[in-house]
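This report is an introduction for a reader who is meeting the structure for the first time. Please look over the sequence and the model before reading on.

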Amino acid sequence: MNALGTASRKQGGRRYSAKARRDALNFYIYTSPWLFGFLVLTLYPIVSSFWLMFTDTTLAGTGKFVGLANWVYAFRTDPLFFTVFKNTIKYVLMYVPSCLVISFVLALLLSRNIKFLGFFRTVFYLPYVTAGVAVTILWGWLYNAEVGLINYVLSLVGIDGPNWLGDPKYAMISIVILSLWTIGNNIIIMLAGIQDIPSSYYESARIDGANELQCVFHITLPLSTPTIYFNLVVTTIGAFQIFDQPYILTGGGPMNATYTVAMHMFRNAFEYGKMGYGAAIAWGLFIIAMALTVLIQWSSKRWVFYDH
Amino acid sequence: MHARRAIVFRRMGRVAVYLILIAATLVCIFPFLWMVSTAFKTMAEVYRIPPTFIPRKPTLENFSKGWGYADFTTFTKNTIFVALTATLGTVLSSSFVGYGFARFRSRLSGLLETVLLGTMILPVQITLIPQYLLFHKLGWIDTYWPLIVPSWLGGGAFNIFLFIQFFKTLPKELDEAATIDGASSFQVYTQIMLPTVRPVLLAVTVMSLVYHWRDFFLPLVYLNSMNKYTISIGLQFFQSAYGNVRIGMMMAVSLLALLPVLVIFAFAQRYFIQGIKLSGLKS
């Protein structure tokens, strides 16, 4: 792109600059809806929420500068501040790796020239499309300790199922399992990535005597790392914001076992009206999520394999 | 001997692949079937152990009674309104902005494209509170404006990005030829670009419809009065009020709330798949 620009600049002189100006004008005209939205609904709010975390702003938007009081409150007084971060990180660490492994394995199986590919793909995608309040309520019913389907199925094989959502030991795992049920989009993205690998690679590997497992570990897996990397970043960022499922199923309980950062921020900001403190929690979330993203990006140089 | 064993192993591998896929299929499908089954059961049968899969005395009572427990007809109308207006905004503005990014250059266009990509991984929490305070100043709390207006301002980085990717694959000669014939850039957009990317338009449309239909967080933040609730908020309200006592009704109403999503998915399945695939295309 740059080389092209320099070339035409040398050639064109005045005419080029007229075209460039028209081009630039068109660029701003067409991107103006987003530009306006970005300035007003993204950039200004980021700056503003940074300011807000040093104030005691209320729901009505009035407040004064209080320095680091919100952070002192978070670290010294608020008994739940560390709990919500611990819970959220626990959720991320349980959910993200299992999501990537399961979606890669299912995508791998789907890529094996199987019959009814369309059917399986649709079926795996269905929970993702329908995910929402209705499906979450459905899972609350499946998890029911006394008459739920899951514990009934477990009882058939002689397992005495736990009180999934009522036991602090199992509540977060239950939220993770429900989330893992809706990873259809990850499967589809992984499958698209695997299908993009040229078949000639497999053919030449087979000529060299590689078996199927060797093909998976030496061709499919390394060449899928860009897709896995993409999924890892997007899934991690999303997982840090976990809100809907615990809010609907457990309200954060039992004993705050499923109480997450996003819920704590929501409760403080919109239920207690502490917008300043809510902004501080949001920044805490943002900083940790970004740190992890940067870490992933930094590590990607070591494990993401780019073909070209 | 050796070769035969290899063939046997390969067959077994093949069978294992299908077995795992079928098991995963059951896990995906069975909860839905259970939802349908529960929705048609009487209260007594819901709590029966061992559970029955096919209701003995199927009843429609859960549907009529559940629907009547709260004003779900109003919730549905509200959701349709929000989903349609927000989707219209999303499709129009994201394709418009995507065209701008894909076809025109300015000194800042490279930087702005990076910024656009960056906003995709920005957690919503970071902008939520100032946005709320801004909408509060505008008197928009407890109205649909906060749910609709952002959709008309680009409709989300993800959708814009989808259009950029697709517009960039179209040969530039296409619009250059039209421009020489005297077409304005807007005519190029409406008459050449948009018709060519119809699959993307449809993908964005169906994904946006479903997204807004089932969105929970933003309606929860912005809507207060019950007559303005969307179906997601209505469901959650119903659940927190009658939760475990009226399982049959909960399942019946949840099923009805899911129906539009299932219908859209049934008819536009390939556009969903396409949209998802495209999203993973450039990482």
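Two residues are said to be in contact if their C-beta atoms, placed from the backbone, lie within 7 Å. In that sense A:A282, leaving aside its neighbours within four places in sequence, is in contact with A:S49 and A:M265 as well as with B:Q125, B:I126, B:L128 and B:I129. The model in which these contacts are found is a predicted one, and the values that follow are computed from it.

**The two chains**

The secondary structure of chain A comes to 14 helices and zero strands, and chain B likewise has 14 helices and zero strands. Read along the sequence, chain B therefore follows a pattern made of α elements, where each helix is a DSSP run of at least four residues. The table sets out some overall values for each chain.

| Property | Chain A | Chain B |
|---|---|---|
| Buried residues | 41% of 308 residues | 42% of 283 residues |
| Radius of gyration | 25 Å | 24 Å |
| Extent along the principal axes | about 75 × 65 × 35 Å | roughly 80 × 75 × 35 Å |

For chain A, a compact globule of 308 residues would have a radius of gyration near 19 Å, whereas the chain itself has 25 Å. For chain B, with 283 residues, the value for a compact globule would also be near 19 Å, but the chain has 24 Å. Among the contacts in chain A with a separation of 6 or more, residues 24 or more positions apart account for 69%, and in chain B, among contacts between residues at least 6 apart in sequence, 79% join residues at least 24 apart.

**Domains**

Chain A is divided into domain 1, which covers 2–52, and domain 2, which covers 70–303, and the centres of these two domains, taken over C-alpha atoms, are separated by 37 Å. Chain B is divided into domain 1 (2–60) and domain 2 (62–281), with 33 Å between the centres of the two, again taken over C-alpha atoms.

In chain B, nine residues of domain 1 are in contact with nine residues of domain 2. On the domain 1 side, the elements that give two or more residues are α1 (2–39) and α2 (43–46) of chain B, and α1(B) gives the most, with four residues. By class, this side of domain 1 of chain B has six nonpolar, two polar and one charged residues.

A residue that illustrates the meeting of distant parts of chain B is B:A39, whose place is in helix α1 of chain B. Leaving aside its neighbours within four places in sequence, B:A39 is in contact with B:N62, B:G248, B:M251, B:A252 and B:L255. Is B:A39 buried or exposed? B:A39 is buried, because 25 other C-beta atoms lie within 10 Å, and the cut-off for a buried residue is 20 or more. By contrast with those contacts, B:A39 and B:R214 are 175 residues apart in sequence and 20 Å apart in space, C-alpha to C-alpha.

**Where the chains meet**

Between the chains, 73 residues of chain B are in contact with 72 residues of chain A. Helix α14 of chain B, residues 247–281, gives the most to the side of chain B that touches chain A, with 16 residues. The residues on this side of chain B divide into 47 nonpolar, 21 polar and five charged.

**The nonpolar core**

The largest nonpolar core has 152 residues, and those with the most contacts inside it are A:L138, A:A282, B:I129, B:I160, B:F163, B:M251 and B:F272. The largest share of this core, 16 residues, comes from α14(B). A:A282 is thus met again here among the residues with the most contacts inside the core, and B:I129, another residue of that list, is one of the contacts of A:A282. B:M251, also on the list, is one of the contacts of B:A39.

Helix α8 of chain B, residues 157–169, has 13 residues and reaches 19 Å from its first C-alpha to its last, which is close to the 18 Å expected at 1.5 Å a residue. Buried residues of α8(B) include B:A157, B:N159, B:I160, B:F161, B:L162, B:F163, B:I164, B:F166 and B:F167. Of these, B:I160 and B:F163 are among the residues with the most contacts inside the largest nonpolar core.

How values were computed. Residues numbered from 1 in each chain as written. Chains lettered and ligands numbered in written order. Predicted model: local features only at pLDDT ≥ 70, side-chain atom pairs only at ≥ 80, totals over all residues. Rg over C-alpha atoms; globule rule 2.2 N^0.38 Å. Buried ≥ 20, exposed ≤ 12 C-beta atoms within 10 Å, placed from the backbone. Domains from an automatic or database assignment. Nonpolar A, V, L, I, M, F, W, Y, C, P; charged D, E, K, R; others polar. Expected span 1.5 Å × (residues − 1). Core = buried A, V, L, I, M, F, W, Y, C linked by C-beta atoms within 7 Å.
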